[in-house]
Amino acid sequence: MKKISFLLVVLSFVACKTTKSSSSVDQVFQYAKPTDVASTLAFLTTDENMGREAGSKEMQKVVTYLEDVFKKNGVKPYFTSYRDTLTNFERPAYNIVGFIEGNDLKLKNQFVIIGAHYDHIGKVKNAVNGDDIANGANDNAAGTTAVTEVVKYFAANRTNKRSLLFVFFTAEEKGLLGSKHLAAKLKKQQLDLYFMFNYEMIGVPMVNKDMLLYLTGFGKSNMAAKMNEYAGEKLIGYIPAETKYGLFRASDNYPFYYEFEVPSQTVSTFDFENFQFYHQPDDEFDKMDITHITNVVNKTIPVLERMINASTKEIKLNETK
(Lines give C-alpha, C1' and ligand atoms only; values in the text may rest on other atoms or scores of the structure.)
Protein backbone atom coordinates (compact mmCIF):
# COMPACT_ATOMS: atom_id res chain seq x y z
CA MET A 1 0.00 0.00 0.00
CA LYS A 2 1.16 3.51 -0.73
CA LYS A 3 1.97 5.50 2.40
CA ILE A 4 -1.06 7.64 3.23
CA SER A 5 -0.92 10.55 5.64
CA PHE A 6 -3.98 10.91 7.87
CA LEU A 7 -4.16 14.62 7.21
CA LEU A 8 -3.68 14.18 3.47
CA VAL A 9 -6.48 11.61 3.29
CA VAL A 10 -8.97 13.78 5.13
CA LEU A 11 -8.02 17.00 3.34
CA SER A 12 -8.17 15.28 -0.04
CA PHE A 13 -11.63 13.96 0.74
CA VAL A 14 -12.85 17.35 1.86
CA ALA A 15 -11.42 18.94 -1.28
CA CYS A 16 -13.48 16.56 -3.43
CA LYS A 17 -16.62 17.89 -1.75
CA THR A 18 -16.07 21.58 -2.42
CA THR A 19 -19.11 21.74 -4.69
CA LYS A 20 -21.32 21.43 -1.59
CA SER A 21 -21.49 23.86 1.28
CA SER A 22 -20.74 22.51 4.74
CA SER A 23 -24.36 23.08 5.75
CA SER A 24 -25.69 21.00 2.85
CA VAL A 25 -23.23 18.22 3.65
CA ASP A 26 -24.40 18.24 7.27
CA GLN A 27 -28.00 17.92 6.09
CA VAL A 28 -27.17 14.92 3.90
CA PHE A 29 -24.91 13.24 6.47
CA GLN A 30 -27.03 13.74 9.55
CA TYR A 31 -25.28 11.28 11.87
CA ALA A 32 -21.83 10.28 10.59
CA LYS A 33 -19.68 12.53 8.41
CA PRO A 34 -17.52 11.32 5.52
CA THR A 35 -14.41 12.96 6.93
CA ASP A 36 -14.76 11.02 10.20
CA VAL A 37 -15.36 7.79 8.31
CA ALA A 38 -12.31 8.43 6.10
CA SER A 39 -10.09 9.23 9.08
CA THR A 40 -10.89 6.01 10.96
CA LEU A 41 -10.69 3.88 7.83
CA ALA A 42 -7.32 5.40 6.91
CA PHE A 43 -5.87 4.56 10.32
CA LEU A 44 -7.11 0.98 10.29
CA THR A 45 -5.71 0.31 6.81
CA THR A 46 -2.27 1.87 7.17
CA ASP A 47 0.73 -0.37 6.40
CA GLU A 48 2.03 0.27 9.91
CA ASN A 49 -0.67 -2.09 11.21
CA MET A 50 0.74 -4.87 8.99
CA GLY A 51 -2.64 -6.26 8.01
CA ARG A 52 -4.11 -6.37 11.55
CA GLU A 53 -3.42 -10.04 12.22
CA ALA A 54 -4.84 -11.20 15.55
CA GLY A 55 -2.19 -11.48 18.24
CA SER A 56 0.48 -9.58 16.31
CA LYS A 57 2.50 -6.88 18.06
CA GLU A 58 1.24 -4.30 15.56
CA MET A 59 -2.31 -4.87 16.80
CA GLN A 60 -1.51 -3.08 20.03
CA LYS A 61 -1.87 0.30 18.30
CA VAL A 62 -5.21 -0.75 16.82
CA VAL A 63 -6.46 -1.95 20.21
CA THR A 64 -5.46 1.37 21.80
CA TYR A 65 -7.16 3.32 19.00
CA LEU A 66 -10.45 1.47 19.47
CA GLU A 67 -10.28 1.79 23.25
CA ASP A 68 -9.81 5.53 22.73
CA VAL A 69 -13.03 5.65 20.70
CA PHE A 70 -14.83 4.47 23.82
CA LYS A 71 -12.87 6.68 26.20
CA LYS A 72 -13.28 9.88 24.18
CA ASN A 73 -17.02 9.32 23.95
CA GLY A 74 -17.59 8.45 27.59
CA VAL A 75 -18.43 4.80 26.94
CA LYS A 76 -17.62 2.54 29.89
CA PRO A 77 -16.02 -0.90 29.69
CA TYR A 78 -18.43 -3.77 30.27
CA PHE A 79 -15.81 -5.85 32.04
CA THR A 80 -13.07 -4.54 34.34
CA SER A 81 -11.37 -3.10 31.25
CA TYR A 82 -12.28 -2.72 27.58
CA ARG A 83 -10.16 -5.77 26.77
CA ASP A 84 -11.85 -9.14 26.73
CA THR A 85 -8.87 -11.49 26.55
CA LEU A 86 -9.39 -14.57 24.40
CA THR A 87 -8.93 -17.93 26.12
CA ASN A 88 -9.13 -19.93 22.88
CA PHE A 89 -6.16 -18.43 21.02
CA GLU A 90 -2.47 -19.08 21.59
CA ARG A 91 -1.37 -15.43 21.41
CA PRO A 92 -2.60 -12.42 23.43
CA ALA A 93 -5.65 -11.11 21.58
CA TYR A 94 -8.60 -9.03 22.70
CA ASN A 95 -12.18 -8.24 21.87
CA ILE A 96 -12.76 -4.57 22.71
CA VAL A 97 -16.08 -4.18 24.54
CA GLY A 98 -17.90 -0.97 25.48
CA PHE A 99 -21.14 -0.58 27.42
CA ILE A 100 -23.93 2.01 27.40
CA GLU A 101 -26.63 1.31 29.96
CA GLY A 102 -30.23 1.56 28.82
CA ASN A 103 -32.34 4.47 30.02
CA ASP A 104 -35.54 2.49 30.62
CA LEU A 105 -35.95 1.05 34.10
CA LYS A 106 -37.26 -2.30 32.83
CA LEU A 107 -35.80 -2.63 29.35
CA LYS A 108 -32.23 -1.82 30.43
CA ASN A 109 -31.89 -5.38 31.72
CA GLN A 110 -32.12 -6.56 28.11
CA PHE A 111 -29.08 -6.20 25.86
CA VAL A 112 -28.33 -5.55 22.21
CA ILE A 113 -24.88 -6.30 20.78
CA ILE A 114 -23.59 -4.27 17.84
CA GLY A 115 -20.25 -5.36 16.44
CA ALA A 116 -17.71 -5.93 13.70
CA HIS A 117 -14.38 -7.72 13.54
CA TYR A 118 -11.30 -5.49 13.40
CA ASP A 119 -8.70 -8.16 12.61
CA HIS A 120 -7.54 -9.24 9.16
CA ILE A 121 -5.06 -11.78 7.77
CA GLY A 122 -1.74 -9.92 8.08
CA LYS A 123 0.73 -10.58 5.25
CA VAL A 124 0.19 -12.85 2.24
CA LYS A 125 2.70 -15.33 0.79
CA ASN A 126 2.45 -14.07 -2.78
CA ALA A 127 3.06 -10.33 -3.11
CA VAL A 128 1.12 -8.30 -5.67
CA ASN A 129 3.27 -5.66 -7.36
CA GLY A 130 5.68 -5.90 -4.44
CA ASP A 131 2.96 -5.51 -1.80
CA ASP A 132 2.42 -8.40 0.62
CA ILE A 133 0.39 -6.56 3.30
CA ALA A 134 -3.32 -7.39 3.27
CA ASN A 135 -4.76 -4.23 4.78
CA GLY A 136 -8.36 -5.45 4.78
CA ALA A 137 -10.13 -2.20 3.98
CA ASN A 138 -13.38 -3.87 2.97
CA ASP A 139 -12.73 -6.87 5.23
CA ASN A 140 -13.40 -5.50 7.75
CA ALA A 141 -12.03 -2.03 8.41
CA ALA A 142 -15.20 -0.71 6.77
CA GLY A 143 -17.45 -2.57 9.22
CA THR A 144 -15.27 -1.57 12.17
CA THR A 145 -15.48 2.06 11.08
CA ALA A 146 -19.26 1.81 10.93
CA VAL A 147 -19.40 0.61 14.53
CA THR A 148 -17.23 3.53 15.70
CA GLU A 149 -19.78 5.92 14.22
CA VAL A 150 -22.73 4.10 15.80
CA VAL A 151 -20.86 4.29 19.13
CA LYS A 152 -20.48 8.06 18.76
CA TYR A 153 -24.17 8.52 18.05
CA PHE A 154 -25.50 6.58 21.03
CA ALA A 155 -22.79 7.92 23.33
CA ALA A 156 -23.78 11.48 22.46
CA ASN A 157 -27.55 10.99 22.57
CA ARG A 158 -28.13 8.19 25.10
CA THR A 159 -31.49 7.41 23.50
CA ASN A 160 -31.22 3.64 24.00
CA LYS A 161 -33.85 2.07 26.25
CA ARG A 162 -32.09 -1.29 26.21
CA SER A 163 -28.46 -1.63 27.24
CA LEU A 164 -25.87 -1.76 24.47
CA LEU A 165 -22.67 -3.71 24.11
CA PHE A 166 -20.43 -2.47 21.32
CA VAL A 167 -17.88 -5.09 20.37
CA PHE A 168 -14.83 -4.94 18.13
CA PHE A 169 -14.10 -8.63 17.60
CA THR A 170 -10.65 -10.10 17.09
CA ALA A 171 -9.60 -13.42 15.50
CA GLU A 172 -12.60 -13.64 13.19
CA GLU A 173 -10.15 -14.62 10.49
CA LYS A 174 -8.88 -17.44 12.73
CA GLY A 175 -12.28 -19.11 12.85
CA LEU A 176 -14.60 -16.68 14.68
CA LEU A 177 -12.54 -17.19 17.83
CA GLY A 178 -13.26 -13.77 19.33
CA SER A 179 -17.02 -14.02 18.98
CA LYS A 180 -17.05 -17.68 20.06
CA HIS A 181 -15.17 -16.74 23.23
CA LEU A 182 -17.41 -13.78 24.06
CA ALA A 183 -20.70 -15.47 23.22
CA ALA A 184 -19.90 -18.41 25.51
CA LYS A 185 -18.73 -16.05 28.27
CA LEU A 186 -21.90 -13.92 28.14
CA LYS A 187 -24.12 -16.97 27.96
CA LYS A 188 -22.49 -18.30 31.12
CA GLN A 189 -23.28 -14.96 32.75
CA GLN A 190 -26.93 -15.40 31.64
CA LEU A 191 -27.03 -12.15 29.70
CA ASP A 192 -30.54 -11.36 28.45
CA LEU A 193 -29.71 -10.83 24.77
CA TYR A 194 -32.44 -9.45 22.51
CA PHE A 195 -30.49 -9.50 19.24
CA MET A 196 -26.98 -9.23 17.82
CA PHE A 197 -26.27 -6.99 14.80
CA ASN A 198 -23.01 -7.26 12.87
CA TYR A 199 -21.39 -5.15 10.11
CA GLU A 200 -19.23 -7.06 7.61
CA MET A 201 -17.68 -5.86 4.32
CA ILE A 202 -19.70 -2.72 3.58
CA GLY A 203 -16.95 -0.84 1.69
CA VAL A 204 -18.52 -0.64 -1.77
CA PRO A 205 -22.13 -0.63 -3.02
CA MET A 206 -23.76 -3.68 -4.52
CA VAL A 207 -24.23 -4.06 -8.26
CA ASN A 208 -27.72 -3.74 -9.75
CA LYS A 209 -29.59 -4.43 -6.51
CA ASP A 210 -32.78 -2.76 -5.30
CA MET A 211 -31.65 -2.50 -1.68
CA LEU A 212 -28.72 -0.96 0.16
CA LEU A 213 -27.71 -4.04 2.21
CA TYR A 214 -28.37 -7.74 2.37
CA LEU A 215 -28.83 -9.74 5.55
CA THR A 216 -27.22 -13.10 6.23
CA GLY A 217 -29.58 -15.78 7.49
CA PHE A 218 -32.34 -13.79 5.80
CA GLY A 219 -35.08 -16.34 6.43
CA LYS A 220 -34.10 -17.21 9.99
CA SER A 221 -35.86 -14.23 11.55
CA ASN A 222 -38.09 -11.27 10.73
CA MET A 223 -35.16 -8.86 11.19
CA ALA A 224 -35.09 -7.81 7.53
CA ALA A 225 -38.83 -7.17 7.45
CA LYS A 226 -38.75 -5.16 10.68
CA MET A 227 -35.75 -3.12 9.53
CA ASN A 228 -37.52 -2.25 6.29
CA GLU A 229 -40.66 -1.35 8.23
CA TYR A 230 -38.67 0.90 10.55
CA ALA A 231 -36.80 2.45 7.62
CA GLY A 232 -39.91 3.07 5.54
CA GLU A 233 -38.09 1.69 2.48
CA LYS A 234 -36.46 -1.46 1.20
CA LEU A 235 -33.19 -1.04 3.06
CA ILE A 236 -32.45 -4.76 3.51
CA GLY A 237 -32.80 -7.61 1.04
CA TYR A 238 -31.64 -11.09 0.10
CA ILE A 239 -29.04 -12.32 -2.39
CA PRO A 240 -28.72 -16.00 -3.39
CA ALA A 241 -24.95 -15.92 -2.76
CA GLU A 242 -25.71 -15.54 0.96
CA THR A 243 -27.23 -19.01 0.98
CA LYS A 244 -24.87 -20.53 -1.58
CA TYR A 245 -21.75 -19.66 0.43
CA GLY A 246 -23.23 -20.20 3.90
CA LEU A 247 -22.53 -16.63 4.99
CA PHE A 248 -24.78 -16.85 8.05
CA ARG A 249 -22.20 -19.12 9.69
CA ALA A 250 -19.19 -17.20 8.35
CA SER A 251 -19.12 -14.11 10.54
CA ASP A 252 -19.33 -13.07 14.18
CA ASN A 253 -23.11 -13.14 14.36
CA TYR A 254 -23.19 -16.94 14.32
CA PRO A 255 -21.73 -17.76 17.77
CA PHE A 256 -24.43 -15.59 19.37
CA TYR A 257 -27.16 -17.38 17.44
CA TYR A 258 -25.62 -20.70 18.48
CA GLU A 259 -25.30 -19.82 22.18
CA PHE A 260 -28.41 -17.69 22.74
CA GLU A 261 -30.83 -18.83 20.02
CA VAL A 262 -31.89 -15.24 19.32
CA PRO A 263 -31.79 -13.20 16.08
CA SER A 264 -28.08 -12.66 15.37
CA GLN A 265 -27.34 -11.49 11.87
CA THR A 266 -24.90 -9.64 9.64
CA VAL A 267 -25.43 -6.87 7.10
CA SER A 268 -23.08 -6.64 4.14
CA THR A 269 -22.72 -5.17 0.65
CA PHE A 270 -20.10 -7.62 -0.65
CA ASP A 271 -22.13 -9.39 -3.35
CA PHE A 272 -19.34 -11.42 -5.06
CA GLU A 273 -19.61 -9.17 -8.12
CA ASN A 274 -18.59 -5.76 -6.80
CA PHE A 275 -15.18 -6.44 -5.23
CA GLN A 276 -12.42 -8.70 -6.55
CA PHE A 277 -9.77 -8.22 -3.87
CA TYR A 278 -10.97 -10.48 -1.05
CA HIS A 279 -7.97 -11.42 1.14
CA GLN A 280 -5.60 -9.71 -1.27
CA PRO A 281 -3.14 -6.82 -0.83
CA ASP A 282 -5.28 -4.66 -3.12
CA ASP A 283 -8.07 -4.51 -0.52
CA GLU A 284 -6.96 -0.94 0.16
CA PHE A 285 -8.33 2.34 1.46
CA ASP A 286 -8.40 3.87 -2.01
CA LYS A 287 -10.77 1.13 -3.24
CA MET A 288 -13.41 2.07 -0.66
CA ASP A 289 -16.46 4.23 -1.34
CA ILE A 290 -16.51 6.60 1.64
CA THR A 291 -19.88 8.09 0.70
CA HIS A 292 -21.40 4.60 0.53
CA ILE A 293 -20.02 3.58 3.94
CA THR A 294 -21.30 6.83 5.44
CA ASN A 295 -24.70 6.20 3.88
CA VAL A 296 -24.84 2.70 5.37
CA VAL A 297 -24.13 4.16 8.80
CA ASN A 298 -26.66 6.95 8.43
CA LYS A 299 -29.38 4.64 7.14
CA THR A 300 -28.87 2.02 9.85
CA ILE A 301 -28.56 4.28 12.91
CA PRO A 302 -32.24 5.38 13.06
CA VAL A 303 -33.37 1.83 12.29
CA LEU A 304 -31.17 0.40 15.02
CA GLU A 305 -32.55 3.01 17.39
CA ARG A 306 -36.10 1.81 16.73
CA MET A 307 -35.04 -1.82 17.05
CA ILE A 308 -33.31 -1.13 20.36
CA ASN A 309 -36.24 0.87 21.76
CA ALA A 310 -39.20 -1.30 20.74
CA SER A 311 -41.49 -1.82 23.74
CA THR A 312 -41.45 -5.59 23.19
CA LYS A 313 -39.03 -7.97 21.50
CA GLU A 314 -40.46 -7.48 18.02
CA ILE A 315 -37.58 -9.13 16.20
CA LYS A 316 -38.00 -12.87 16.49
CA LEU A 317 -36.69 -16.08 15.02
CA ASN A 318 -38.94 -17.66 12.45
CA GLU A 319 -40.42 -21.02 13.28
CA THR A 320 -38.66 -23.87 11.51
CA LYS A 321 -40.70 -26.62 9.95
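User: What makes Tyr 78, Phe 79, Phe 99 and Phe 111 a cluster?

Analyst: In this predicted model, Tyr 78, Phe 79, Phe 99 and Phe 111 are linked into a cluster by ring pairs, and rings pair if their centres lie within 6.5 Å. The structure holds 22 aromatic pairs.

User: Why is the pair of Tyr 254 and Tyr 258 called tilted?

Analyst: A pair of aromatic rings is described by the distance of the centres and the angle of the planes. For Tyr 254 and Tyr 258 the distance is 6.4 Å centre to centre, with 40° between the planes. Planes under 30 degrees apart would count as stacked and over 60 as edge-to-face, so an angle of 40° makes this pair tilted.

User: How do you know where Tyr 254 and Tyr 258 stand relative to each other along helix 9?

Analyst: Helix 9 covers residues 254-260, and because Tyr 254 and Tyr 258 are 4 residues apart in it, about one helical turn separates them.

User: Why is the pair of Phe 256 and Phe 260 called stacked or tilted?

Analyst: The ring centres of Phe 256 and Phe 260 are 6.5 Å apart and their planes stand at 15°. Because stacked means planes under 30 degrees apart, an angle of 15° makes the pair stacked. Phe 256 and Phe 260 are also 4 residues apart in helix 9, and therefore separated by about one helical turn.

User: How do you know which of these four residues of helix 9 are buried or exposed?

Analyst: Buried means under 20% relative accessible area and exposed means over 50%. Tyr 254, at 16% relative accessibility, therefore counts as buried, whereas Tyr 258, at 57%, counts as exposed. Phe 256 has a relative accessible area of 0% and so is buried, and Phe 260, with 10%, is buried as well.

User: What makes Phe 166 stand out in the largest nonpolar core?

Analyst: This core has 68 residues, and Phe 166 is one of those that touch the most other members, including also Ile 96 and Tyr 118. The largest share of the core, 10 residues, comes from helix 5, which spans residues 137-157. Leaving aside residues up to four places away in sequence, Phe 166 touches, among others, Phe 70, Ile 96, Val 147 and Phe 154. Apart from this core lies another, of 17 residues, with Phe 99 and Leu 191 among them.

User: Which residues lie closest to the centre of the largest pocket?

Analyst: The largest pocket has a volume of about 280 Å³, and of the 16 residues lining it, Glu 200, Met 201, Leu 247, Ala 250 and Tyr 278 are the closest to its centre. By class, the lining has 7 nonpolar, 5 polar and 4 charged residues.

Notes
Residues are numbered from 1 along each chain as its sequence is written. This is a predicted model: local features need pLDDT of at least 70, side-chain atom pairs count only at pLDDT 80 or more; totals for chains, interfaces and linings use all residues. Side-chain values use heavy atoms; hydrogens and water are left out. On a 1 Å grid over the protein atoms alone, a cavity is a set of points where a 1.4 Å probe fits but cannot get out, and a pocket is an open set with protein on both sides within 12 Å along at least five of seven lines; lining residues have an atom within 4 Å of a point. Grid points are joined across faces, edges and corners, and a volume is the space filled by probe spheres set on the points. Ala, Val, Leu, Ile, Met, Phe, Trp, Tyr, Cys and Pro count as nonpolar, Asp, Glu, Lys and Arg as charged, and the others, Gly among them, as polar. A nonpolar core is a set of buried Ala, Val, Leu, Ile, Met, Phe, Trp, Tyr and Cys residues joined through side-chain atoms within 4.5 Å. Buried means under 20% relative accessible area, exposed over 50%, partly exposed in between (1.4 Å probe, protein chains only). Helices (H or I, at least four residues) and strands (E, at least two) are DSSP runs, numbered from the N terminus. Contact means heavy atoms within 4.5 Å. Rings of Phe, Tyr and Trp (its six-membered ring) pair if their centres lie within 6.5 Å; planes under 30 degrees apart count as stacked, over 60 as edge-to-face and the rest as tilted.
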